[in-house]
Amino acid sequence: MSSAGLIPGEGRDGGAPPARLRLRRPDDWHVHLREGALLQAVVGATARVFARAIVMPNLSPPITTVAAAAAYREQILAALPRGSGFKPLMTAYLTEASDPDELARGFSEGVFTACKLYPAHATTNSAAGVSDLAQITAVLERLEAIGMPLLIHGEVTDPEVDIFDRELVFIERHLEPLLGRFPALKVVLEHITTTEAVDFVVGAGPQLAATITPHHLQINRNAMFHRGLRPDFYCLPVAKRELHRLALRQAATSGNPKFFLGTDSAPHPRGAKESACGCAGIYNAPVAIESYAQVFEQEGVLGRLEAFASEFGPRFYGLPLNEGTIELQRNAQVVPMLLEFEGESGSPGQREPLALVPFHAGDTLPWKLNTNK
Ligand code: NCD
Ligand code: ZN
């Protein structure tokens, strides 16, 4: 652990608050980097902080083959700022037609790091996902056999189930039976949002872990309705009640290695968010590490940030820890209301300059990444 003000062996902050925080360089275990002008706009924000990131495959069309993942990886590498050592870790989008041999080949060739399971229609570009888990039994058997992680968007899509209950019902109806059938399958329950998910992950064996986003640690569902409708706080799984946010903060800052960093940074152009049918997703990459640092400090355990951000993820995936470091400085920053980029967005006939509203827009964050270090 590298933070100042740490009481050895205990993990609680003590003494004067540190002015700087040096961390082993972290990784982001869940990010949406998109394509084209949007990729070009956002990739730098992730690459300036994180050495590696698990890149979500929910493009249109989705990344389902080794060839498509290899081509997408090239696109990402070509969009990186010069000199960046960032390494995208690619994922395969599971459909009911996924071929176990193709997935296993991608894994053994080092193209795929994991598979992503979207229940069909659960979220952005998930229509080609899986409606019936029984259809992918052979895939799950193979993943279990070869040690390839399964990353799950854990929400049911049953319209009878209240949107705020969809994660809990997914755990009961699908996740628990799945872990029973494939006891050695490595599973990450992505972007957890509920106290029930926390308890389930804590109680399960070491093959189950979870990622936690900065926004689910920072906001509850009231944020979407604060003095009007706020589409920039709408994401999936949707933010829940305050008691759930508090349970997530406890889990993330507990030092339990089953919980690690995954931002779910999910940019959509402003016009696609602020619309009569706005897209789900929060663009947090520009402030993600600073946002997590604020949470850990508020919980009095800044010294535990490094393990959450830089150690527990690679250990779960069986990958080496990063060698380099990053430095955060106590240097209050006001987050811009809007970020404008090269390129355009919108539908033909309704083009507009590409602009993204970042998470924490207008907020003052106490920490800032020192980009000179
Ligand atoms: C993600 C997206 O926009 O691709 N949206 C989101 O709200 N998180 C998809 C996802 O991870 O659910
Ligand atoms: Zn996501």
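## Surroundings of ligand 1

In this predicted model, 15 residues surround ligand 1, and Asn-58, Thr-123, Leu-236, Asp-264 and His-268 come nearest; a residue is near if one of its heavy atoms lies within 4 Å of the molecule. Polar contacts, meaning pairs of N or O atoms within 3.5 Å, involve oxygen atoms of the ligand. A polar side-chain atom of Arg-34 lies 2.9 Å from one oxygen atom, a polar backbone atom of Leu-236 is 2.8 Å from an oxygen atom, and a backbone N or O atom of Gly-281 lies 3.1 Å from an oxygen atom. On its own, ligand 1 has 310 Å² of accessible area, and the protein covers 100% of that area (Shrake-Rupley method, 1.4 Å probe).

## The zinc site

His-30 (NE2), His-32 (NE2) and Asp-264 (OD) are the protein donors of the zinc ion (ligand 2), at 2.0 to 2.1 Å; donors are N, O and S atoms within 2.8 Å of the metal (3.2 Å for Na, K and Ca). The donor residues follow the spacing H-x1-H-x231-D in sequence.

His-30 is buried, at 1% relative accessibility, and His-32 is buried at 8%; buried means under 20% relative accessible area, exposed over 50%, and partly exposed in between (1.4 Å probe, protein chains only).

## Cysteines

The count of disulfides is zero, a disulfide being a pair of cysteine sulfur atoms within 2.5 Å. The sulfur of Cys-279 is too far for a bond, because the closest cysteine sulfur, in Cys-277, is 7.5 Å away. Cys-279 is partly exposed at 27%, whereas Cys-115 is buried at 0%.

## Basis of the values

Residues are numbered from 1 along each chain as its sequence is written, while chains are lettered from A and ligands numbered from 1 in the order in which they are written. Local features need pLDDT of at least 70, side-chain atom pairs count only at pLDDT 80 or more, and totals for chains, interfaces and linings use all residues, while side-chain values use heavy atoms, without hydrogens and water.

Technical notes
A polar contact is a pair of N or O atoms within 3.5 Å; within protein, one must be able to donate a hydrogen and the other to accept it, and residues adjacent in sequence count only if both atoms are side-chain atoms.
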